[in-house]
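Trainee: I would like to take a close look at a single part of this molecule and then see how that part sits within the rest. Could you walk me through it slowly, in connected sentences?

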Amino acid sequence: MTKILEILAYTLPSLITGGVAYSIFISYFKDQQNTRRWLIQKENQKLALPQRLQAYERMVLFLERINPTKLLIRIAPISQEKGDYENLIISQIEQEFEHNLTQQLYLSDASWTIILTAKNSTIQMIRKVSRTEDIVNADAMREKILNDLLDKQSPSNAALAYLKNEVSELW
C-alpha cells in the first residue's frame, strides 16, 4: 500500500504539471495562430485599400456623369423627338453603369444600394418628364429637367455625399 501511495505522490504532481503545461502550450499556439491571421489580414487590407479607393473614385465619376445637369449638357438631342432623346439619355446611363458594374466588389452593400437608387431615380426622373404632355420636343424636355433640378437636389448629389462620408470612415 505504501508503494501505491509513493507512486501516486510522484505521479499526481507530474500529471498536474503536464496538464498545466499542455494548456499553456495550446493557448500559446492559438495566440500565435491568431497573430498570424491578423498579420495576413492586415497585409491584405493594405493591398486592397488602393483597389477600394479606386472603386469609390470610379463610382464618383459615374455619379458625376449621370448627374442630369451634366448629362444633358454633354448629350445633345439627335432629333426633336422627346422619346428619342429619352432613350438616348437612358442608354448612356445604362452604358456607364454596365461599364462600372464590377466595382460593387469593393464597395459596401449600402454604398452599392445608394448608387443603384441614384441611377434608377435619375432614369425615373427623365421618364417622368418625358411622359409629361406639355413637353412637345427634346429641347423642352431638357429645359424642364434642368428647371426641376433648380428646386431640388439631384439623386447623384445625395449619393455622392454618402460615398464621401463612407470613404472618410476608411481612414
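**A close look at I73 and its surroundings**

Mentor: In this predicted model, I73 has a relative accessibility of 63%, and it counts as exposed because that value is over the 50% cut-off. The residue belongs to helix 2, which covers residues 68–74. If we compare its position with that of I26, the two are 47 residues apart along the chain, and their C-alpha atoms are separated by 67 Å.

To place that distance, it helps to step back to the whole chain. The C-alpha trace spans about 110 × 25 × 25 Å along its principal axes. The secondary structure comes to six helices and zero strands, and reading along the sequence gives the pattern α-α-α-α-α-α. The radius of gyration is 31 Å, well over the 16 Å that the globule rule gives for 171 residues, so the chain is more spread out than a compact globule.

Helix 2 includes residue T69, and this gives us a way to move from I73 to another part of the chain. T69 and N157 are 88 residues apart in sequence, yet 11 Å apart in space from C-alpha to C-alpha. N157 lies in helix 6, which runs over residues 155–168. With a relative accessible area of 32%, N157 is partly exposed, because this value falls between the 20% and 50% cut-offs. The side chain of N157 is also joined to the side chain of N67 by a polar contact of 3.3 Å.

Helix 6 leads us on to S111, since the residues that S111 touches include Y162, L163 and E166, and the range of helix 6 is 155–168. S111 itself is located in helix 4, made up of residues 109–131, and Y56 is another residue that it touches when those up to four places away in sequence are not counted. S111 has a relative accessible area of 0%, and it is called buried because that is under 20%. Its side chain makes a polar contact, at 3.1 Å, with the side chain of S108.

A second buried residue can be found in the loop between helix 3 (82–99) and helix 4, and this is N100. The relative accessibility of N100 is 4%, which means that it falls under the 20% cut-off. Leaving out residues up to four places away in sequence, N100 touches R58, M59, F62 and W112. W112 falls within helix 4, whose range is 109–131.

For another wide separation, we can turn to N147 in helix 5, which spans residues 138–151. N147 and R37 are 110 residues apart in sequence, and from C-alpha to C-alpha they are 55 Å apart in space. N147 is partly exposed, with a relative accessible area of 37%.

The values for the chain as a whole complete the picture. Buried residues make up 28% of the 171 residues, S111 being one of them. Among contacts between residues at least 6 apart in sequence, 79% join residues at least 24 apart. The chain exposes about 11,700 Å², and carbon and sulfur atoms supply 58% of that area. Finally, there are 20 positive and 20 negative side chains, and the centres of these two sets lie 8 Å apart.

Notes. Residues numbered from 1 in each chain as written. Predicted model: local features only at pLDDT ≥ 70, side-chain atom pairs only at ≥ 80, totals over all residues. Heavy atoms only, no water. Helix = DSSP H or I, 4+ residues; strand = E, 2+ residues; numbered from the N terminus. Rg over C-alpha atoms; globule rule 2.2 N^0.38 Å. Buried < 20%, exposed > 50% of the residue type's maximum accessible area, 1.4 Å probe, protein only. Contact = heavy atoms within 4.5 Å. Areas by Shrake-Rupley, 256 points an atom, 1.4 Å probe, with all protein chains shown as cover. Lys, Arg positive; Asp, Glu negative; His and termini not counted. Charge placed at Lys NZ, Arg CZ, Asp CG, Glu CD. Polar contact = N/O pair within 3.5 Å; in protein donor to acceptor, adjacent residues only side chain to side chain.
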